[in-house]
Amino acid sequence: MIMESYRQKSENELVKASLDGDKQAFSEIVNRYQNMVARTVKGMLGDSVFSEDIGQDVFIRLFYSISDFRGEAKLSTYIQKIAINLTLNEIKRRKRFFSTFSQKGNNEMYEFEVADYETEEKKEAAELVSKALLSLDPKFRVIVAMRMLQGYSTKETAEILDLPLGTVLSRLSRAQEQMKGILKKL
Amino acid sequence: MKDMNIPDLKDLILRSLDNDSDPGKTSAEIEEAGVTYKFSEGFHEKVLDTIFSAGDTVVRKIEFVRNLNSVFSRIALTGVAAIVLLMISIFVIQGSLSFDSFLGLGDSYDESIVYLLTGN
């Protein structure tokens, strides 16, 4: 269990303590950012055990690269970048695998394991959003996931993805067009 | 909060992608509609177990990759240094750097390079 005192610490304090080998500090970082990582990874890959593995890899990668974190940006931005890179790599890997070994369509590369929901309507809502997101082109999907699931502004999205603001704006507009077509079919 | 019907949710999804919309507000509304993503129970413990129990193995792997990287960069640097030396020697012997002389098609004789490098 994470001690109460760690919950009060700032992210810079937690990073410093983690670098000094404090396991509790790193445990608090995982606790604080796991839902954010879940939104990115599961939003872009679907809700499956494979997404859990990618989520684990994000924090393992963070642990071994935390010394590279210089505190110029927020820790959440740094973690988000790792999550996006690993997720996009996984999408590319699946695309290569499916184009070589399977005749399955783009949407079938992903798995839906919708968890328990309070009501049937909430379950339907979650399924609709997952299917719509997974039908999008990956370069649009990442922009949509950042905005729709994480609530990042266009400027924040551009910063996280290391893209010019104009590129994010144009992709957002094209993503909206693609999404309109997808939602009509769902 | 009351459950959202599908047409309203579709409308909300499209609205969330408007550049003029407030992304913080729309993402909260989407979450309230039931769109939540969480890792399974025990995820936190699994991550910490992987890192701290298999720590030594992972550290050794990372060290190995880092060492390999430094070996590759040393080999690459040596190669670059050899190319620069070759170009300097060609320039000294021929007085210019032509593509032919770089490929060894120039009319210089071999001993001159040996002389340049050894002084004999």
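Which residues of α7(A) are buried? The legends below take up that helix and several other views of the predicted model.

**View 1. Helix α7 of chain A, residues 138-149, is mostly covered.** Of its 12 residues, 10 are buried. They are Phe140(A), Arg141(A), Val142(A), Ile143(A), Val144(A), Ala145(A), Met146(A), Arg147(A), Met148(A) and Leu149(A). Gly151(A) comes just after α7(A). Its phi is positive, at about 75 degrees.

**View 2. Asp162(A) has a positive phi although it is not a glycine.** The angle is about 55 degrees. Most residues other than glycine have a negative phi. Asp162(A) sits in the loop between α8 (154-161) and α9 (165-185) of chain A. Is Asp162(A) buried or exposed? Asp162(A) counts as exposed, because it has 8 C-beta neighbours inside 10 Å and the cut-off for exposed is 12 or fewer.

**View 3. Chain A carries two assigned domains, and this view shows their contact.** Domain 1 covers 1-113 and domain 2 covers 119-186. Their C-alpha centres lie 19 Å apart. Domain 1 of chain A brings 16 residues to the contact, and domain 2 of chain A brings 14. On the domain 1 side, α3 (23-45) and α5 (75-101) of chain A each supply at least two residues. Which element gives the most to that side of domain 1? It is α5(A), with 6 residues. By class, the domain 1 side that touches domain 2 holds 7 nonpolar, 6 polar and 3 charged residues.

**View 4. Chain B meets chain A through 32 residues of its own.** On chain A, 45 residues take part. Chain B has 6 helices and 0 strands. From the N terminus on, its elements run α-α-α-α-α-α. Of its 120 residues, 14% count as buried.

The side of chain B that touches chain A can be broken down by element. 32 residues of chain B are in contact with chain A. Helices α1 (6-16), α2, α3 and α4 (55-94) of chain B each supply at least two residues of that side. The largest share, 8 residues, comes from α3(B). The side of chain B that touches chain A has 20 nonpolar, 8 polar and 4 charged residues.

**View 5. Helix α4 of chain A, residues 49-65, crosses α3(B).** Two packed helices are described by the angle between their axes and the distance between the axes. Here the axes come within 10 Å and cross at roughly 50 degrees. That angle lies outside the ranges for roughly parallel, roughly perpendicular and roughly antiparallel, so α4(A) and α3(B) are oblique to each other. The crossing is right-handed. From α4(A), the residues in the contact are Glu52(A), Gly55(A), Gln56(A), Phe59(A), Ile60(A) and Phe63(A). From α3(B), they are Phe43(B), Lys46(B), Val47(B), Thr50(B) and Ile51(B). The contact of α4(A) with α3(B) divides into 6 nonpolar, 3 polar and 2 charged residues.

**View 6. Phe39(B) lies in the loop between α2 (23-32) and α3 (43-53) of chain B.** What does Phe39(B) touch, leaving aside residues up to four places away in sequence? Its contacts are Gln34(A), Ala38(A), Glu52(A) and Gly55(A). Glu52(A) and Gly55(A) also appear in the contact of α4(A) with α3(B). Why does Phe39(B) count as buried? It has 21 other C-beta atoms within 10 Å, and the cut-off is 20 or more. Gly95(B) gives a point of reference along the chain. Phe39(B) and Gly95(B) are 56 residues apart in sequence. In space they are 69 Å apart, C-alpha to C-alpha.

**View 7. Helices α1(B) and α2(B) pack with their axes 10 Å apart.** The angle is about 155 degrees. Angles over 145 degrees count as roughly antiparallel, so α1(B) and α2(B) are roughly antiparallel to each other. Their crossing is left-handed. Leu12(B), Arg15(B) and Ser16(B) make the contact from α1(B). Pro23(B), Thr26(B), Ser27(B), Glu29(B) and Ile30(B) make it from α2(B). The contact of α1(B) with α2(B) has 3 nonpolar, 3 polar and 2 charged residues.

Methods:
Residues are numbered from 1 along each chain as its sequence is written. Chains are lettered from A and ligands numbered from 1 in the order in which they are written. This is a predicted model: local features need pLDDT of at least 70, side-chain atom pairs count only at pLDDT 80 or more; totals for chains, interfaces and linings use all residues. Domain bounds come from an automatic or database domain assignment. Two residues are in contact if their C-beta atoms, placed from the backbone, lie within 7 Å. Helices (H or I, at least four residues) and strands (E, at least two) are DSSP runs, numbered from the N terminus. Ala, Val, Leu, Ile, Met, Phe, Trp, Tyr, Cys and Pro count as nonpolar, Asp, Glu, Lys and Arg as charged, and the others, Gly among them, as polar. Axes are lines fitted to C-alpha atoms, for helices over the stretch in contact, and angles run from 0 to 180 degrees between N-to-C directions. Angles under 35 degrees count as roughly parallel, over 145 as roughly antiparallel, 65 to 115 as roughly perpendicular and the rest as oblique. A crossing is left-handed if the near helix is turned anticlockwise from the far one by less than a right angle, and right-handed if clockwise.
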